[in-house]
Amino acid sequence: MAELRIPFFRPAIDEEDVAAVAETLRSGWLTSGPNVREFERELAAYTGARFVNAVNSCTAALHLCLRAWGIGPGDEVVVPVYTFSATATVVVHTGARPVLADVRESDANLDPEAFERAITPRTRAVIPVHFAGEPCDMDAILAIARAKGIRVLEDAAHAIGSRYRGRMVGTIGDATAFSFYATKNMTTGEGGALATDDEELSERVRVLTLHGMTKDAWNRYDAGGSWRYDIVEFGFKDNLTDLAAALGRRQLAKLEQLTEARTRAAMRYFANLRDEPLLRLPAFDAANRHAWHLFVVRLDTERSPVGRDEVIRQLAARGIGTSVHFIPLHYHSAYRRLGWQPGDFPVAERIFEGAISLPLFPSMTDAEVDAVCEALREILHPRG
Ligand SMILES: Cc1ncc(COP(=O)(O)O)c(C=O)c1O
């Protein structure tokens, strides 16, 4: 297929990013080392969280946190049905059971009432997902969770830099997982982090991240470091490399600019598509700061002369890349085997039916946003 005129996503990598990685390659320190430690400190300073653990994915951050909390067989964790599979897969891998809950029609975020209904005496945690970068209703979710002694682990894969009523995402629930995957608001290629104010949790995650080795063993290649280490429990191999952290530090330094550029493109979509009767534009709360990871419009499938899949096909034929976030979890065969079936989560199903994620990336020009909007109008209102 020919290269897309306007891709769904274009990475924001500049020469300073390239130089930072090259410098790290020359430094001789490739795996977790000084850049990882600095990256953790800088992420803590940016988010306002007291402790940050850098790891090799958001999936790892979510998994390690649940493990560190001792969640396992016999436990349940509530997960919104409108998310990427990783949010629930990690629960399965602990031996606990994910319990799916429906989302809100307005913003596709976890519906606090659906969360409350999903609670049983076995519920140990909930994982709200800040869909597209718009924070969940954390006051309501926290109030329900606190009343029942349920821990709150935020999936902020889309939401680094988001603010909820003035508070940075990363400082709200008991712990918050971020993603630095290639397409995310800032990237390390593959990478993630867990932010928390809980020192004990952070220390436990640090040990589990690298084989279950004692903390001291982390420094075993430093001058004066000892070759001796102890495996205190059966851990994983989820550490971030210094190469990735070098890129992450550069990306973090320009994250505010990247977010502003995303916000400008999103606002241009709003201005341009405001009067389009067949599209519902994303809802957001002016009291929050949206990170604009995604710009997801909803096609009015009842009134549109063309279906969602056909709109996507025709956009691709015009050289415009799109995606769909998300296929509700209960539509996947692995989840059906856990007992769910289509019809179980009507709100998520309605949202999915019309959802189209439009191109959105920091270097997107006004002309590119306008071209996407023009193409949409041509497709939705064919002449003659
Ligand atoms: C909502 C959500 N959670 C978790 C993840 C997993 O992130 P990672 O690829 O860093 O493990 C993603 C990735 O796309 C995501 O969209």
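## Around the ligand

A backbone N or O atom of Cys-58 comes to 2.9 Å from an oxygen atom of the ligand. Keep in mind as you look around that this is a predicted model. Two side chains also reach ligand oxygens. In Thr-59, a side-chain N or O atom is 2.5 Å from an oxygen atom of the ligand, and in Lys-184 a polar side-chain atom lies 2.8 Å from one. On its own the ligand would expose 390 Å², and the protein buries 90% of that.

Zoom out a little and you'll find 15 residues around the ligand. The closest are Thr-59, Asp-155, His-158, Ser-179 and Lys-184. Two helices help build this shell: H3 (58–68) and H4 (86–94) each supply at least two residues to it. As for where the ligand sits, that's the largest pocket.

## Strand E8, wrapped up

Ser-179, one of the closest residues to the ligand, also belongs to strand E8 (residues 175–179). How many of the five residues of E8 are buried? Five of the five are, so the strand is largely enclosed by the rest of the structure. The cover is there on both faces: Ala-175, Ala-177 and Ser-179 are buried on one side, and Thr-176 and Phe-178 are buried on the other.

E8 has strand partners too. Strand E5 (residues 151–156) runs parallel to E8, and four bridges join them. Strand E9 (residues 192–196) pairs with E8 in the antiparallel sense, again over four bridges. Thr-176 is a handy residue to click on here: its bridge partner in E5 is Glu-154, and its bridge partner in E9 is Ala-195.

## A three-strand sheet

Elsewhere, three strands make an open sheet in the order E10-E11-E12, with antiparallel pairing. Which strands are at the edges? Those are E10 and E12 (355–358), each of which pairs on one side only.

Between E10 and E11 there are two bridges, and the strands run antiparallel. To find the pairing on screen, start at Leu-279, whose bridge partner in E11 is Leu-299. The loop between E10 (279–280) and E11 (295–299) holds Trp-292, which turns up again below.

## Backbone oddities

First, some background: most residues other than glycine have a negative phi, and most peptide bonds are trans. Trp-292 goes against the phi habit, with a positive value of about 50 degrees although it is not a glycine. Is Trp-292 buried or exposed? With a relative accessible area of 2%, Trp-292 is buried.

His-211 is another non-glycine residue with a positive phi, near 65 degrees. You'll find His-211 in the loop between helix H7 (199–209) and helix H8 (242–253). At 33% relative accessibility, His-211 counts as partly exposed. The peptide bond to check is the one joining His-325 and Phe-326: it is cis, with omega about -5 degrees. Phe-326 lies in the loop between helix H10 (308–317) and helix H11 (333–336).

## Gly-212 in the H7–H8 loop

The loop between H7 and H8 also holds Gly-212. While His-211 counts as partly exposed, Gly-212 counts as buried, at 0% relative accessibility.

If you'd like a sense of distance across the model, take Gly-212 and Leu-142. They are 70 residues apart in sequence, and their C-alpha atoms are 31 Å apart in space.

## Asp-107 and its contacts

One more loop to visit: the one between strand E3 (97–101) and helix H5 (112–118), where Asp-107 is found. At 11% relative accessibility, Asp-107 counts as buried, because the cut-off for that is under 20%.

What does the side chain of Asp-107 make a polar contact with? Its partner is the side chain of Arg-104, at 2.6 Å. A polar atom of the Asp-107 side chain also lies 3.0 Å from the backbone nitrogen of Asn-109.

Methods. Residues are numbered from 1 along each chain as its sequence is written. This is a predicted model: local features need pLDDT of at least 70, side-chain atom pairs count only at pLDDT 80 or more; totals for chains, interfaces and linings use all residues. Side-chain values use heavy atoms; hydrogens and water are left out. Buried means under 20% relative accessible area, exposed over 50%, partly exposed in between (1.4 Å probe, protein chains only). Two strands pair if DSSP finds at least two bridges between them. A residue is near a molecule or strand if one of its heavy atoms lies within 4 Å of it. A polar contact is a pair of N or O atoms within 3.5 Å; within protein, one must be able to donate a hydrogen and the other to accept it, and residues adjacent in sequence count only if both atoms are side-chain atoms. Accessible areas come from the Shrake-Rupley method with a 1.4 Å probe; for residues, only the protein chains shown count as cover. On a 1 Å grid over the protein atoms alone, a cavity is a set of points where a 1.4 Å probe fits but cannot get out, and a pocket is an open set with protein on both sides within 12 Å along at least five of seven lines; lining residues have an atom within 4 Å of a point. A molecule sits in a cavity or pocket if more than half of its atoms lie within 2 Å of its grid points.
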